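Me: I'm new to reading protein models, and I'd like a close look at the sheet in this one. Could you walk me through how the strands are arranged and what surrounds them?

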Amino acid sequence: MKAPATKSFALGLKHGLKRGLTLARHAALRQLQWLLLLLIALPWTAHAFSLDDLQAQLRATPVVRGHFIQQKFLRSLPQPLTSRGDFTLAAGKGLLWLLRTPIAQDLRIDAGGISRRDESGAWQALPQQTGSGRENRLFLSVLAGDTKDLQDNFDLALTGDAAAWQLMLTPRSALLRQIFDNIQINGGKLVDRIELRESQGDRSVLQMTDAVAADALTSEEQRAFSH
């Protein structure tokens, strides 16, 4: 995805810092939306191995929240760009992505696209760039519990069992193959790791920790989704 990105930093390199921030600004939101799409496309209790079961499990989980660690490994930098924060995924509403380090920044992905919360607490829509409309439609189809678009764009290979499984996604289209070599998702009872390997050699890793399912949003989360 080609949307404005959150700020990141590379530890310990003065010259690598400037280059890393520039690369991260152009890539992070694109990577984030793909990561979140894949996160939403999977159930939070992966006990079965058919796509029908995955879709049914997705629709049965109204709210999931937890912590995340996101790392961007760039060939030009010896250390990954690392961000940490909290997330809340709500069926039918969208996803809150609350960055805590290296900077504090709140993002929301919903039917209107990607928004950022400003200092006053108001949500400001981020500009939609070329190609983002198609990506948003794909994202929203997964939010609705429809995995057809995911199957149309990737070859899926699932291995392991309910306690320890791996889903490998290989892009079908020439456009996606220009971005990704493959995407690997691991989990047990819950999804715990997503890795995107890019065609130019960079990669992104998203780890989810302390993820739990809930029946309803908190009052603060409701306000965030309603404004």
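Reply: The accessible surface of the chain comes to about 11,000 Å², and 51% of that area belongs to carbon and sulfur atoms. Of the chain's 227 residues, 49% count as buried. Keep in mind as we go that this is a predicted model. Its mean pLDDT is 74, with 63% of the residues at 70 or more. Over residues 1-18 the pLDDT is below 50, although this stretch has 54 contacts in the model beyond near neighbours in sequence. Residues 139-145 also stay under 50, and there the model has 20 contacts beyond four places in sequence. Where pLDDT is low, the predicted coordinates should not be read in detail.

Now to the sheet you asked about. The chain has 6 helices and 11 strands. The 11 strands form an open sheet, and you can trace it in the order β6-β5-β4-β3-β2-β1-β11-β10-β9-β8-β7, with antiparallel pairing. At the edges sit β6 (123-125) and β7 (154-161), each of which pairs on one side only. On average, neighbouring strands of this sheet are turned by 20° against each other, ignoring direction. If you wonder what links such strands, they pair through backbone hydrogen bonds, either parallel or antiparallel.

Let's zoom in on β2, residues 81-90. On one side, 10 bridges join β1 to β2, and these strands run antiparallel. In that pairing, Lys72 has Leu81 of β2 as its bridge partner. On the other side, 7 bridges join β2 to β3 (residues 94-101), again antiparallel. Here Leu89 stands opposite Leu95 in β3. The hairpin of β2 and β3 has 3 residues between the strands, and Gly92 in this hairpin takes a positive phi near 85°. How enclosed is β2 by the rest of the structure? Largely so, because 7 of its 10 residues are buried.

Follow the chain past β3 and you reach Pro102, in the loop between β3 and β4. The peptide bond from Thr101 to Pro102 is cis, with omega near 5°. Pro102 counts as partly exposed, at 27% relative accessibility. Its C-alpha atom is separated by 7.4 Å from that of Arg84, a residue 18 places away along the chain.

There is another backbone detail in strand β11 (residues 203-214), where Asp210 is placed. Asp210 has a positive phi of about 55° although it is not a glycine. Both details are worth a second look, because most residues other than glycine have a negative phi, and most peptide bonds are trans. Asp210 is exposed, with a relative accessible area of 59%.

Further along the sheet order comes β9 (residues 180-187), which is mostly covered, with 6 of its 8 residues buried. Strand β8 (residues 164-171) is joined to β9 by 5 bridges in an antiparallel arrangement, and Trp165 stands opposite Gly187 in β9. With β10 (residues 191-198), β9 pairs in the antiparallel sense over 7 bridges. One pair you can look for there is Gln184 and its bridge partner in β10, Glu195.

What about the nonpolar side chains? In soluble globular proteins, nonpolar side chains tend to be buried together. In this model, the largest nonpolar core has 27 residues, and those with the most contacts inside it are Phe87, Trp97, Leu169, Ile183, Ile185 and Ile194. The elements giving two or more residues to this core are β1, β2, β3, β4, β8, β9, β10 and β11. A second, separate core has 9 residues, among them Val63, Leu98, Trp123 and Ala224.

Finally, look for a helix against the strands. Helix α6 (residues 219-226) packs on the sheet, where it touches β1 (63-73), β2, β3, β4 (105-110), β5 (113-117) and β6. The direction of α6 makes about 110° with that of β3. As for contacts across the chain, 49% of those between residues at least 6 apart in sequence join residues at least 24 apart.

Key: Residues are numbered from 1 along each chain as its sequence is written. This is a predicted model: local features need pLDDT of at least 70, side-chain atom pairs count only at pLDDT 80 or more; totals for chains, interfaces and linings use all residues. Side-chain values use heavy atoms; hydrogens and water are left out. Two strands pair if DSSP finds at least two bridges between them. Helices (H or I, at least four residues) and strands (E, at least two) are DSSP runs, numbered from the N terminus. Axes are lines fitted to C-alpha atoms, for helices over the stretch in contact, and angles run from 0 to 180 degrees between N-to-C directions. Contact means heavy atoms within 4.5 Å. Buried means under 20% relative accessible area, exposed over 50%, partly exposed in between (1.4 Å probe, protein chains only). Accessible areas come from the Shrake-Rupley method with a 1.4 Å probe; for residues, only the protein chains shown count as cover. pLDDT is the predictor's confidence in each residue, from 0 to 100. A nonpolar core is a set of buried Ala, Val, Leu, Ile, Met, Phe, Trp, Tyr and Cys residues joined through side-chain atoms within 4.5 Å.
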